[in-house]
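Here are my notes for a colleague opening this entry for the first time. Please keep the view open while reading.

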Amino acid sequence: MKPRNIVILTGAGVSAESGVPTFRGPDGLWEGHHIEAVATPQAFRRDPLLVQRFYDARRAALGKVVPNAAHLALARLDAEWRGELLLVTQNVDDLHERGGSQRLLHMHGELQRALCTACGTAPAWTGALSDDPPCPRCGAARLRPDIVWFGEMPYHMDEIEMAIGRCDLFVSIGTSGAVYPAAGFVTQAQRAGARTLEINLDPSAGTPLFDEARHGPAGTQVPKWVDEMLG
């Protein structure tokens, strides 16, 4: 019996095949930087220029990558699935949007948004932040990347947890299974009675928790799974 309501969680493994570096490499670095130097509120207070330049470079690099077969397959599922569907991504790139997905939430923020620490507005932003531009709403030069850093609360948690509570199928794609709260979604889904599936390049820390696991490149495995769901 096919499910009716689906929640899909995606992580860095989905965008890696487009050329977007994964969050943490085997050497513990993120694009040459220690995580603590660029992905915490303390790092931003200590060296805001370093942090701004790091995210400026990542934002600019988005123009050099394109959605891959996994992004396109998930957009097709979004467009054709008649039940409820929510795509929750831990990624801060815009490849899901460019691939065509619409029922989408970014739980860790978006590279192409800024966050004003003075008034709280989060305007779309494609340029640099390292030169301290003013907030378009309040005029204060207190913009930061609209990225959820370690120690901060992910976005949309109420909406995500509600969707997980009523889903029939929870699918995790390209995630490490090690970063909470997302790593706990599989357990929440099982408690709600949902079937669970992991699609990942290799077994993850959370693989034993899933009812089923499929391993291989997302660009191959995700289109195959979507074909099965829509067939």
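The points below cover the sheet, then the helix on it, then the cysteines.

1. Start with the status of the coordinates. This is a predicted model.

2. Next, the sheet. It is open and has 6 strands. Read across, the order is β5-β4-β1-β8-β9-β10. The pairing is parallel. Strands of a sheet pair in general through backbone hydrogen bonds, either parallel or antiparallel.

3. Look at the edges. β5, residues 104-106, and β10, residues 212-215, stand there. Each has a single partner strand, so one side of each is left without a neighbour in the sheet. On average, neighbouring strands of this sheet are turned by 15° against each other, direction ignored.

4. Zoom in on one pair. Strand β9 spans residues 195-200 and is joined to β10 by 4 bridges. These two strands run parallel. The bridge partner of I199 is R214, in β10.

5. Now the helix. α7 covers residues 157-165 and packs on the sheet. This helix touches β1 (6-10), β4 (85-89) and β5. The direction of α7 makes about 135° with that of β4.

6. How many disulfides does the structure hold? The count is 0. A disulfide is a covalent bond between the sulfur atoms of two cysteines. For C138, the closest cysteine sulfur is in C116, at 3.7 Å. That is too far for a bond, because the cut-off is within 2.5 Å.

7. Are C138 and C167 buried or partly exposed? C138 counts as partly exposed, because its relative accessibility is 40%. C167 is buried, with a relative accessible area of 4%.

Notes:
Residues are numbered from 1 along each chain as its sequence is written. This is a predicted model: local features need pLDDT of at least 70, side-chain atom pairs count only at pLDDT 80 or more; totals for chains, interfaces and linings use all residues. Side-chain values use heavy atoms; hydrogens and water are left out. Two strands pair if DSSP finds at least two bridges between them. Axes are lines fitted to C-alpha atoms, for helices over the stretch in contact, and angles run from 0 to 180 degrees between N-to-C directions. Contact means heavy atoms within 4.5 Å. Buried means under 20% relative accessible area, exposed over 50%, partly exposed in between (1.4 Å probe, protein chains only).
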